[in-house]
Every structure is written in C-alpha cells, then in structure tokens.
Amino acid sequence: MIVITAPTGQIGSRLLDILLNETPARGEELRVIVRDPAKLPDAVRARVDVVTGSHGDAEVVDRAFAGADAVFWLVPGDPRAPSLDDVYSGFTRAAAKAFTAHAVAHVVGVSALGRGTPVAGRAGLVTASLTMDNLIASTGVAYRALANPSFMDNLLRQVASIRDDGVFTDTVAADRKAPTAATRDIAAAAAGLLLDRSWTGTGEVPVLGPEDLSANDMARIMSDVLGRPVRYERQSLDEFQAALAGHGFGDALVEGYVDMMRSKDNGLDDGVQRTPQTASPTTFHAWCEEVLKPAVRA
C-alpha cells in the first residue's frame with residue numbers, strides 16, 4: 001500500500017497518474033489523503049482508497065497509514081501560519097508519530113536544495129523544510145528527501161504578465177545561473193522511489209533539471225518559443241515583501257519567503273553537482289513548448 005498526500009496538487013496529481021499506470025501490474029494498492037474528494041477525477045476515485053481530511057490531523061493520518069508500506073509526504077502551504085515551524089515540522093509531527101505507530105517502512109518527501117551550504121541556516125522556508133526532513137528521519141523510517149530547486153512551473157503564476165506585457169519577474173540577479181526543475185520530473189523521481197523500495201537509511205535525492213539557467217537565459221528561451229519578446233525585470237526584496245503582504249501572507253511567511261529568495265541569490269541552490277543521477281530530463285525549452293506556450297495561448 002502506497003499512501004499519497006496532496007494528490008490534487010502540481011506534484012501529487014502527476015505522481016498519482018504515474019502510479020495509477022504502474023501499480024496494477026505490481027499488485028500495489030494506492031490510498032490518498034485529500035480534503036475534498038470531489039477534486040479527484042471520477043476515474044481516479046474509482047481506483048484508489050480515499051481518506052478524507054487533512055494529513056496534518058492525527059486521526060486522519062492514523063487511519064491513512066494503517067497497513068501502509070510507503071508514504072509520499074508533501075506539506076501544503078499555509079500563508080497565514082504563525083511560524084515556519086507550524087508550516088513544516090508542526091504540520092508533520094502527527095504523521096511522524098503515525099509512521100512509527102504503523103511501522104511505515106519508506107517515506108519520500110518533497111524538500112529543497114541547500115543542506116550544507118553556508119546560507120542554509122538563514123534560508124527561511126528552505127531551512128524549515130530541512131528541519132522537517134530531520135524530524136522525519138528521526139523516526140527511523142527509510143527516508144528520501146527530494147531536494148528541489150525552484151520549479152519551472154512557478155512561472156505559470158505569471159502567465160498574464162508574460163502574455164500581455166512580455167515580462168516576468170523574480171528577485172535574483174539577471175545573470176545568476178541556477179538549476180530549475182519541472183514538477184513532472186519531481187513526480188517521476190518520487191514514483192521511482194516509491195515503486196522500488198530497495199533503499200534503506202536516510203538521504204537526499206536532488207532533482208536538478210538538465211542545465212543551469214539565468215533569468216536572462218530563460219527570457220531568451222521564452223521569446224524563442226512564444227515567438228514574441230519576453231524580458232526579465234528584477235524585483236527588489238522590498239517590492240517582493242510588499243507584494244506578498246498585499247496577497248494576504250502573514251508576517252512569518254513573508255519573512256520566510258524573503259529570506260529564501262535572498263539565500264537563493266547567495267548560492268543556496270549551488271551546493272549539489274549535476275550528474276546523470278541528479279539531472280532530471282525536462283529542459284526549460286521543452287517545458288516552455290509543452291506547458292507554458294499552451295497556457296499563454298489559452
């Protein structure tokens with residue numbers, strides 16, 4: 001039995017699709033934890049065991065982890081949380097107890113790059129995510145943290161600006177090259193670990209994408225794919241902070257995001273070497289062709 005949390009999100013929904021295709025031949029059962037089962041397609045609900053509720057709730061995870069061999073763990077965002085600990089470790093504590101109580105053998109979690117870098121201790125959301133990894137590892141389960149850079153798919157939040165103004169923004173220097181990954185590759189990495197549970201102990205699995213790109217590189221590629229000029233505008237951290245506050249984010253999350261973005265500009269994502277094992281396959285050009293371009297034209 002594999003339990004999937006956040007099955008309607010960017011990563012969880014893709015992971016669920018992969019597992020639905022792969023598990024029948026393996027005789028593996030799937031269970032999902034979801035607040036609103038109606039958000040799952042009818043065809044999916046017919047093929048999985050559904051536990052309704054929040055996976056931050058002790059009673060829900062106690063029911064969901066009974067008989068589970070493996071769990072995919074992804075913490076949902078909470079813009080109004082009073083602290084970053086509440087967002088990550090606080091949300092995870094009930095599950096950590098349930099991993100032990102139900103003898104769950106393997107857990108795969110969504111985390112971030114940065115462990116071991118000089119700025120990791122002051123990286124806001126990333127620092128809190130790495131602390132959550134430590135909490136899960138302390139339970140004694142075999143644990144793999146998917147160590148991710150920024151997501152290509154985050155650009156979908158700026159589709160209107162890209163389409164209407166030919167502009168996208170971020171807070172990093174225009175010429176700073178860094179890894180970036182497609183969420184579908186993160187889901188594929190999770191699926192591989194959940195289906196082949198021969199691994200033991202704890203560790204990280206970086207998902208780095210195939211190349212490092214700067215914001216200027218990304219603007220050039222988007223311009224090429226979309227057939228129109230796209231340029232990068234750097235947003236100051238003060239502007240970024242004000243925008244988050246304007247969207248209703250609480251003080252703790254605003255500070256956490258600002259600290260994370262400052263750390264990314266100071267090398268947070270530079271600590272892992274790209275190898276055939278850490279390089280996920282989707283290029284930014286391919287992602288723009290297959291994901292961004294249809295979204296812009298919709």
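Author: On a 1 Å grid over the protein atoms alone, a cavity is a set of points where a 1.4 Å probe fits but cannot get out. This is a predicted model, in which local features need pLDDT of at least 70 and side-chain atom pairs count only at pLDDT 80 or more, while totals for chains, interfaces and linings use all residues. Residues are numbered from 1 along each chain as its sequence is written, and side-chain values use heavy atoms, with hydrogens and water left out.

Reader: How many cavities of 30 Å³ or more does the search find, and what volume has the largest cavity?

Author: The search covers the whole structure and returns 1. The largest cavity has about 30 Å³, a volume being the space filled by probe spheres set on grid points joined across faces, edges and corners.

Reader: Which residues line the largest cavity?

Author: Leu113, Gly114, Arg115, Thr117, Leu268, Asp269, Asp270, Gly271 and Val272 do; lining residues have an atom within 4 Å of a point. By class, 3 are nonpolar, 3 polar and 3 charged. Gly counts as polar, and Asp and Arg as charged.

Reader: Why is strand 5 called largely enclosed?

Author: Strand 5 (residues 106-112; strands are DSSP runs of E, at least two residues, and helices runs of H or I, at least four, numbered from the N terminus) has 7 of its 7 residues buried, so the rest of the structure largely encloses it. Buried means under 20% relative accessible area (1.4 Å probe, protein chains only). Both faces are covered, with His106, Val108, Val110 and Ala112 on one side and Val107, Gly109 and Ser111 on the other.

Reader: What makes strands 5 and 6 a pair?

Author: Pairing takes at least two DSSP bridges, and strand 5 shares 7 with strand 6 (residues 142-148), in the parallel sense. They therefore pass the cut-off. Ala112, for one, has Asn148 as its bridge partner. Between these strands the chain passes through helix 5 (residues 125-137) in a right-handed β-α-β crossover: with the strands pointing away from the viewer, the path over the helix runs clockwise. Strand 4 (residues 70-73) also runs parallel to strand 5, over 4 bridges, with Val71 opposite Val107.

Reader: What makes the largest nonpolar core one set, and which residues have the most contacts inside it?

Author: Its members are buried Ala, Val, Leu, Ile, Met, Phe, Trp, Tyr and Cys residues joined through side-chain atoms within 4.5 Å. There are 44, and Val3, Phe65, Val71, Trp73, Phe99, Val107 and Ile136 have the most contacts. Helix 4 gives the largest share, 8 residues.

Methods. Buried < 20%, exposed > 50% of the residue type's maximum accessible area, 1.4 Å probe, protein only. 1 Å grid on protein atoms, 1.4 Å probe; cavity = no way out; pocket = protein on both sides within 12 Å on 5 of 7 lines; lining within 4 Å.
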